[in-house]
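This report concerns side-chain interactions and strand pairing in one protein chain. The sequence and the model are shown first.

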Amino acid sequence: MTLSADDRFAISELLARASYAYDQRDLPLLESCLCDDSAISFRIAGGDLVGPFCGREAMMAVYRDAMESQSDVRRHVVSNAMFTPRDGEVDVISNLTLFATKDGNTALLTVGLYHDTVRLDAGAWRILKRHVELDSAY
């Protein structure tokens, strides 16, 4: 599979859109970024694997639960995406930088990596699998 510049841009925009949707707590927009059979897992500071949580509804439940526990304003910054096309899907590794603002003070919460697998679904790129590796807990 050859990945065009347009595909690379569309995938980068997908990752930005998902981050924006989470930060704005726009659940319908966030859900539109996911495949029906999507899955998410986490590892924090080299600890135990958490998940995977399989299916769009399970993944959205993870996001909703996380949002409910947060009283700050989050900003997920996704950068340095690298693309590896394979068998109709694309693996994407990107940097995550997570900031939070509370009571007028902004702080770096953590950094890490997103390991995403995306695929074309109904004519749009969507996240199929997401594994989040955080360098530190927050």
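The text below treats the salt bridges, a buried arginine, the aromatic contacts and the strand pairing in turn.

The model is predicted, so local features are reported only at pLDDT of at least 70 and side-chain atom pairs only at pLDDT 80 or more, while totals for chains, interfaces and linings use all residues. Residues are numbered from 1 along each chain as its sequence is written, and side-chain values rest on heavy atoms, with hydrogens and water left out.

**Salt bridges**

The structure contains nine salt bridges, a salt bridge being a side-chain nitrogen of Lys or Arg within 4 Å of a carboxyl oxygen of Asp or Glu. Three of these, with their N to O distances, are among those listed here.

| Basic residue | Acidic residue | N to O distance |
|---|---|---|
| Arg-56 | Asp-36 | 2.9 Å |
| Arg-119 | Asp-37 | 2.6 Å |
| Arg-126 | Asp-121 | 3.2 Å |

Helices (H or I, at least four residues) and strands (E, at least two) are DSSP runs, numbered from the N terminus. Arg-56 belongs to helix α3 and Asp-36 to strand β1 (residues 34–44), so their salt bridge ties together parts that are 20 residues apart in sequence. Accessibility is classed as buried under 20% relative accessible area, exposed over 50% and partly exposed in between (1.4 Å probe, protein chains only). Arg-56 is buried at 19%, whereas Asp-36 is exposed at 55%.

The salt bridge between Asp-37 and Arg-119 links distant parts of the chain, with Asp-37 in strand β1 and Arg-119 in strand β5 (residues 105–121), 82 residues apart. Asp-37 is partly exposed at 44% relative accessibility, and Arg-119 is partly exposed at 21%.

In the remaining tabulated pair, Arg-126 is buried at 18% and Asp-121 is partly exposed at 22%. Elsewhere, Arg-86, Glu-89 and Asp-91 are joined into one network by salt bridges that share partners.

**A buried arginine**

Arg-74 is located in strand β3 (residues 73–86) and is buried, with a relative accessible area of 8%. Its side chain makes a polar contact of 2.8 Å with that of Asp-72; a polar contact is a pair of N or O atoms within 3.5 Å, where within protein one must be able to donate a hydrogen and the other to accept it, and residues adjacent in sequence count only if both atoms are side-chain atoms. Beyond neighbours within four places in sequence, Arg-74 is in contact with residues including Asp-23, Phe-99 and Tyr-138, contact meaning heavy atoms within 4.5 Å.

**Aromatic contacts**

There is one aromatic pair in the structure. Tyr-22 and Tyr-63 form this edge-to-face pair, at 5.7 Å centre to centre and 65° between the planes. Rings of Phe, Tyr and Trp (its six-membered ring) pair if their centres lie within 6.5 Å; planes under 30 degrees apart count as stacked, over 60 as edge-to-face and the rest as tilted. The pair connects helix α1 (residues 5–23), which holds Tyr-22, with helix α3 (residues 56–68), which holds Tyr-63, across 41 residues. Both tyrosines, Tyr-22 and Tyr-63, are buried.

**Strand pairing**

Strand β1 pairs with strand β6 (residues 124–134) in the parallel sense over seven bridges, and Phe-42 stands opposite Val-132 in β6. Strands β1 and β2 (residues 50–54) run antiparallel and are joined by three bridges, with Phe-53 in β2 as the bridge partner of Ile-40. Pairing of two strands requires at least two bridges found by DSSP. The hairpin of β1 and β2 has five residues between the strands, and Ala-45 there takes a positive phi near 55°.
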